[in-house]
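Here is a short set of exercises to work through with the model open beside you. Try each task first, then compare your steps with the solution.

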Amino acid sequence: MAVTAPPTINALPAPPDPNNRATYNTLAYPWSVALGPYSAQLNAVAANVYANATDAAASAANSAAQATIATAKASQTAADASATSADRVQTGLDRAAAAASAASAAAIAGAFVGTSDSSLNIGAGSKTFITQAGEQYSAGIWMTAVSRANPANWMFGEVTSYIGTTLVIDVQTVGGSGTCADWNLSLSGPRGAQGPQGIPGVLAGVATGAVDLLTGAALASAATINLDAATGNRVHITGTNPITAVTLTRGPRTVIFDGVLTLTHHATNNNLPGGVNIITAPGDRAVYESDGVTVYCVSYIKANGLPVAGVSASLIRSARTANASLGVADKGALIDITSGTFTQTFGAVATLGAGWFCYIRNSGAGDITLDPSGTELIDGLTSYIMYPGEVRLIQCDGTAFYSVILQSFTKTFTNTANFIKPPGYFAFDTFGLGGGGGGGGGSSVAGGRGGGGGAGAGAIRALILASALAASTLVTIGGGGAGGAQDAIGSVGGTTSVGMLLVAKGGAGGGAGTAYGNTISGAYGGGTYTVNAAPTGFLSSTAGGYYPEYGGASVSNQTSGNNSPCTAGDGSLVGGAAGGTGQYSSYQGGPGGISRVPATLSGGGGIGGLNAQGQDMVGTFAAGGGGSGAFRGGHGGYGCGGGGGGCTAGAGAAGGNGGGGLVTISGVK
């Protein structure tokens, strides 16, 4: 280290002389002032001297150390020189050992490496490779087969066996796909144990851009769907199997339904909005979340835009005139059958599910047979008929169908047929009307007169208990009596019955025309009877034949007058009316009687002809008018008599036919 020069010390001024009083005071002050700087300069010089001495001591110690090192190096050089010869001998031995070790390692490595040209498809399971013989492969070791052309194609597994040139590996993990025939085979270690699962990440904060939901693979509908197994936050549900439970740990999951199915509400496993079941439609969406205990459907949006309140907030009317099997999508709908006679079928109860319901209304004139699928039952029956006017609420409990009658029916029979008793009724209000008698034919006698009108049929009304009716009851409808030919009486109307519980007799035929001034025979009204009552009005009438209570209207004996207008046919309170009398061509035939059957069936009589046919009343509830001249009498309506035939000089016309009977049955709840 370099030596530092000492600082300069300034000389002191002349000191004061105590023996010289004249200069003492003058010199004392400057001299005392100079002592301060002088002391500081002395201290600086002392510090410089000390520092230079310390540096000198350190330099001396360093020189001694360097001398020691030099001595040691000289000794080492001598030792190295003496060992050089021995080192050269050892070096030759080390190189020989290294070469032997390398050769051994190469031999071992080669024993676990091979190739195979076997054409194998990449996949798990047992794979057989044809490779080189004499390798060190053995069962239990792990190997990897890698394609030489594409290292991304590989298989990893445990050796099952190695015999000759055949190596069998149980492949457990693969990479890539396809079939390869260029395999490099090498030794691998077994797969280690799976490490502990890391802490799940938490998505938090505010997104500064769009976050797209991943649509995963579709899940098939089933009683329980596992949304934890979904491969994306959005998932499609395919199929139509009802869903009663949902598995979800957290969520949310957006579910898109591709088909029609029932979502069943459950307080824990499938908590639906409003606590009611939902019928899905293609395109409907639901959002599910879970707190780990309860799985909630927090939102449900229907594809058609309608609100969700159970099945629907609206009652949808579905009008139809032919069968279309009722399915899940018809839940809650009004099925309005406006016309036709057909069988209405249902989907299987297992498919419709518990809680399914609909309304069915037969607003047409046909008969609709309700027929569940296969052997399934509705109200305990395999099928039954809904007659016109009836409305039912149909419900499914998952095993069978049940109904509630909302509006009863009225069925009218005009032809003989079976009445199939529908379930759910206390009794049946039944009205029967026999066939009307045919009008008599006009006279062929010169100067003769027309035939008499046919009598009205008997009628009866009864309340029949449902328990008194069999499952199927024959309803027989009496036909109208045929009108009589020239000079012949009309035929008797047929008898109408409902099993043996209700019978209404037909009216008698009108009398034949006769010569002027003679009596035309009257025709008696049809009587009625029931099982529990004696016959009333049977081929007879009350009080002169006019207006019997239930018997059909009779026609009194008529006198063939002097070409005067004939008497009108009699009316009836309940039974059918009588037909008008026929007349000579110069005069008008008598009008048909007025029917007084129940108000909804009532009607006025037909008009008599004036040298013309009497008015036909077919399809109504009125009697036919009498004919005039060469023209026949009018045909009667339901249960009413036909008009008598007219006549001319020497010729008579036929009487009109009586109207056929009918039966009406109305359900009483």
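**Exercise 1. Confidence**

What pLDDT does the protein average, and what share of the residues score at least 70?

Solution. Keep in mind that this is a predicted model.
- Step 1: the average pLDDT of the protein is 79, and 74% of the residues score at least 70.
- Step 2: turn to residues 77-94, where the pLDDT is below 50. Beyond near neighbours in sequence, this stretch has zero contacts in the model.
- Step 3: residues 599-603 also have a pLDDT below 50, and here the model shows ten contacts beyond near neighbours in sequence.

**Exercise 2. The overall make-up**

Describe the protein by its secondary structure, burial, contacts and surface.

Solution.
- Step 1: count the elements; there are two helices and 38 strands.
- Step 2: of the 669 residues, 40% count as buried.
- Step 3: take the contacts with a separation of 6 or more; 56% of them join residues 24 or more positions apart.
- Step 4: the exposed area is about 31,900 Å², and carbon and sulfur atoms supply 58% of this area.

**Exercise 3. A mixed sheet**

What is the strand order in the open sheet of five strands, and which strands stand at its edges?

Solution.
- Step 1: the order reads β18-β19-β21-β24-β25, and the pairing is mixed.
- Step 2: β18 (317-320) and β25 (401-407) each have a single partner strand, so one side of each lacks a neighbour in the sheet.
- Step 3: from one strand to the next, the twist averages 25 degrees.
- Step 4: look inside the sheet, where β21 (residues 357-362) and β24 (residues 391-396) run antiparallel and are joined by five bridges. In this pair, I360 is opposite R392 of β24.

**Exercise 4. An antiparallel sheet**

Trace the open sheet of four strands and find its edges.

Solution.
- Step 1: the strands follow the order β26-β38-β28-β29, with antiparallel pairing.
- Step 2: β26 (410-413) and β29 (459-465) are the edge strands, each pairing on one side only.
- Step 3: with direction ignored, neighbouring strands are turned by 15 degrees against each other on average.
- Step 4: four bridges link β26 to β38 (residues 662-668) in the antiparallel sense, and T410 is opposite S666 in β38.

**Exercise 5. What follows β38**

Is K669 buried or exposed, and which residues does K669 touch?

Solution.
- Step 1: K669 is in the segment after β38.
- Step 2: the relative accessibility of K669 is 54%; exposed means over 50%, so K669 counts as exposed.
- Step 3: leaving out residues up to four places away in sequence, K669 touches I405, L406, Q407, Y425 and F426.
- Step 4: take one of these, I405; its C-alpha atom is 7.8 Å from that of K669, though the two are 264 residues apart along the chain.

**Exercise 6. Two faces of a strand**

Which side chains of β22 (residues 368-371) are buried?

Solution.
- Step 1: I368 and L370 point to one face and are buried, whereas T369 and D371 point to the other and are not.
- Step 2: β22 pairs in the parallel sense with β20 (residues 342-345) over four bridges, and F342 has I368 as its bridge partner.
- Step 3: β22 also pairs with β23 (residues 384-386), this time antiparallel and over three bridges. There T369 is opposite I385.

**Exercise 7. Backbone angles**

Find two aspartates with positive phi and one cis peptide bond.

Solution.
- Step 1: recall that most residues other than glycine have a negative phi, and most peptide bonds are trans.
- Step 2: D379 has a positive phi of about 55 degrees. D379 lies in the loop between β22 and β23 and is partly exposed, at 21% relative accessibility.
- Step 3: D487 has a positive phi of about 65 degrees. D487 lies in the loop between β30 (472-476) and β31 (496-498) and is partly exposed, at 37%.
- Step 4: the peptide bond from G251 to P252 is cis, with omega near 5 degrees. P252 sits in the loop between β12 (245-247) and β13 (253-257).

**Exercise 8. Cysteines**

How many disulfides does the structure hold?

Solution.
- Step 1: the structure holds zero disulfides.
- Step 2: check the burial of two cysteines; C396 is buried at 6% relative accessibility, and C647 is buried at 0%.

Note on methods: Residues are numbered from 1 along each chain as its sequence is written. This is a predicted model: local features need pLDDT of at least 70, side-chain atom pairs count only at pLDDT 80 or more; totals for chains, interfaces and linings use all residues. Side-chain values use heavy atoms; hydrogens and water are left out. Two strands pair if DSSP finds at least two bridges between them. Axes are lines fitted to C-alpha atoms, for helices over the stretch in contact, and angles run from 0 to 180 degrees between N-to-C directions. Buried means under 20% relative accessible area, exposed over 50%, partly exposed in between (1.4 Å probe, protein chains only). Contact means heavy atoms within 4.5 Å. Accessible areas come from the Shrake-Rupley method with a 1.4 Å probe; for residues, only the protein chains shown count as cover. A disulfide is a pair of cysteine sulfur atoms within 2.5 Å. pLDDT is the predictor's confidence in each residue, from 0 to 100.
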